Amino acid sequence: MAKEGEISNYFLQDVNKLRAETQKYISDGAMTSDYKDTKRSVKLLQGALATEIVCVLRYTMNSISVSGIASKSVAAEFVEHANDERDHLQRIAERINQLGGAPNFDPQGLASRSANEYGGHDLSLRKMVEQNLAAERIAIEHYCDLINYFRNRDPSTRAMLEEILADEEDHATDMLDLIGDNEARQAARK
Ligand SMILES: [Fe+2]
Ligand SMILES: [Fe+2]
């Protein structure tokens with residue numbers, strides 16, 4: 001688990017690994033059969049599914065641990081994001097199923113399949129929000145890679161991923177707003 005100051009870098013190492021895998025799949029693409037293409041699509045979506053599961057867990061954990069150190073509106077924001085991430089995981093799992101795969105919900109190995117970390121416990125509100133911002137930015141990069149992969153191969157999956165990407169961009173903006181609000185509150189106290 002990363003120390004507080006290392007959270008962003010830690011996330012980045014994971015995403016770099018996942019992105020490298022995605023890039024490898026993209027560059028392998030031209031020479032494969034339809035069957036192999038579908039298998040690759042399912043494998044890529046399994047990574048997105050794991051990322052969404054971890055996001056649901058992290059936002060849910062944050063919504064509970066934030067009570068007492070912040071206003072109810074911050075907890076409500078985390079709950080709202082957890083619900084959005086749950087919707088994302090549902091859609092991705094259904095798409096994997098439609099492609100003939102079995103969505104992988106196995107807790108074993110979940111962290112290593114995900115682009116994002118579950119994150120630290122007992123963080124300050126500021127660190128909690130920073131952690132989520134880092135996670136959202138990684139999710140955005142990851143979805144951009146996936147959209148690129150699916151662009152000409154599978155328009156339905158691409159359209160779904162583009163909608164999810166728009167939500168992740170909103171989430172990142174929400175986290176930036178929370179950092180701004182927190183700084184304004186602290187400045188007002190001085
Ligand atoms: Fe998501
Ligand atoms: Fe998100």
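Guide: A nitrogen, oxygen or sulphur atom counts as a donor when it lies within 2.8 Å of an iron ion, and since water is not among the atoms, a site may look incomplete. The model discussed here is predicted.

Visitor: What makes E85 a bridge between the iron ion (ligand 2) and the iron ion (ligand 1)?
Guide: E85 appears through an OE atom among the protein donors of ligand 1, which lie 2.0 to 2.4 Å from that ion, and again through an OE atom among those of ligand 2, which lie 2.0 to 2.3 Å from theirs. Set against the cut-off of 2.8 Å, these distances qualify, so E85 is a donor to each ion. The two ions that E85 bridges lie 4.0 Å apart.

Visitor: Which other residues donate to ligand 1, and what spacing do the donors follow along the chain?
Guide: Besides E85, the protein donors of ligand 1 are two OE atoms of E52, ND1 of H88 and OE of E168, and along the chain they follow the spacing E-x32-E-x2-H-x79-E.

Visitor: Which residues join E85 at ligand 2?
Guide: At ligand 2 the list continues with two OE atoms of E136, OE of E168 and ND1 of H171, in the spacing E-x50-E-x31-E-x2-H. Within this list, E136 in helix α5 and E168 in helix α6 (residues 155–189) link distant parts of the chain, being 32 residues apart.

Visitor: How do you know how E85 and H88 are placed along helix α3?
Guide: E85 and H88 are three residues apart in helix α3, and therefore they are separated by about one helical turn.

Visitor: Why are E85 and H88 called buried?
Guide: Buried means under 20% relative accessible area; E85 has 0% and therefore meets the criterion, and H88, with 0%, meets it as well. By that rule E136, at 1%, counts as buried, and E168, at 1%, also counts as buried.

Visitor: How are helices α3 and α5 oriented to each other, and how do you know?
Guide: Helix α3 (residues 72–98) and helix α5 (residues 125–150) pack at an angle of about 25°, with their axes 13 Å apart. Angles under 35 degrees count as roughly parallel, and the two helices are therefore roughly parallel to each other. Their crossing is left-handed.

Visitor: Which residues make that contact, and what makes up its classes?
Guide: From α3 the contact is made by V74, F78, H81, E85 and I92, and from α5 by L125, M128, V129, N132, E136 and Y143. Sorted by class, the residues are seven nonpolar, two polar and two charged. E85 of α3 and E136 of α5 thus belong to this contact, while both are also protein donors of ligand 2.

Visitor: Where does L49 sit, and why is L49 called buried or exposed?
Guide: L49 is placed in helix α2 (residues 34–65), and its relative accessibility of 0% falls under the 20% cut-off, so L49 counts as buried. Apart from neighbours within four places in sequence, L49 is in contact with L89, I92, A93, I96, P103, N104 and F105. The C-alpha atoms of L49 and R113, 64 residues apart along the chain, are separated by 8.7 Å.

Visitor: What makes up the secondary structure of the protein, and how many of its residues are buried?
Guide: The protein has six helices and zero strands, and buried residues make up 45% of its 190 residues. Among contacts with a separation of 6 or more, 79% join residues 24 or more positions apart.

Methods: Residues are numbered from 1 along each chain as its sequence is written. Chains are lettered from A and ligands numbered from 1 in the order in which they are written. This is a predicted model: local features need pLDDT of at least 70, side-chain atom pairs count only at pLDDT 80 or more; totals for chains, interfaces and linings use all residues. Side-chain values use heavy atoms; hydrogens and water are left out. Axes are lines fitted to C-alpha atoms, for helices over the stretch in contact, and angles run from 0 to 180 degrees between N-to-C directions. Helices (H or I, at least four residues) and strands (E, at least two) are DSSP runs, numbered from the N terminus. Angles under 35 degrees count as roughly parallel, over 145 as roughly antiparallel, 65 to 115 as roughly perpendicular and the rest as oblique. A crossing is left-handed if the near helix is turned anticlockwise from the far one by less than a right angle, and right-handed if clockwise. Contact means heavy atoms within 4.5 Å. Ala, Val, Leu, Ile, Met, Phe, Trp, Tyr, Cys and Pro count as nonpolar, Asp, Glu, Lys and Arg as charged, and the others, Gly among them, as polar. Donors are N, O and S atoms within 2.8 Å of the metal (3.2 Å for Na, K and Ca); water is not among the atoms, so sites may look incomplete. Buried means under 20% relative accessible area, exposed over 50%, partly exposed in between (1.4 Å probe, protein chains only).
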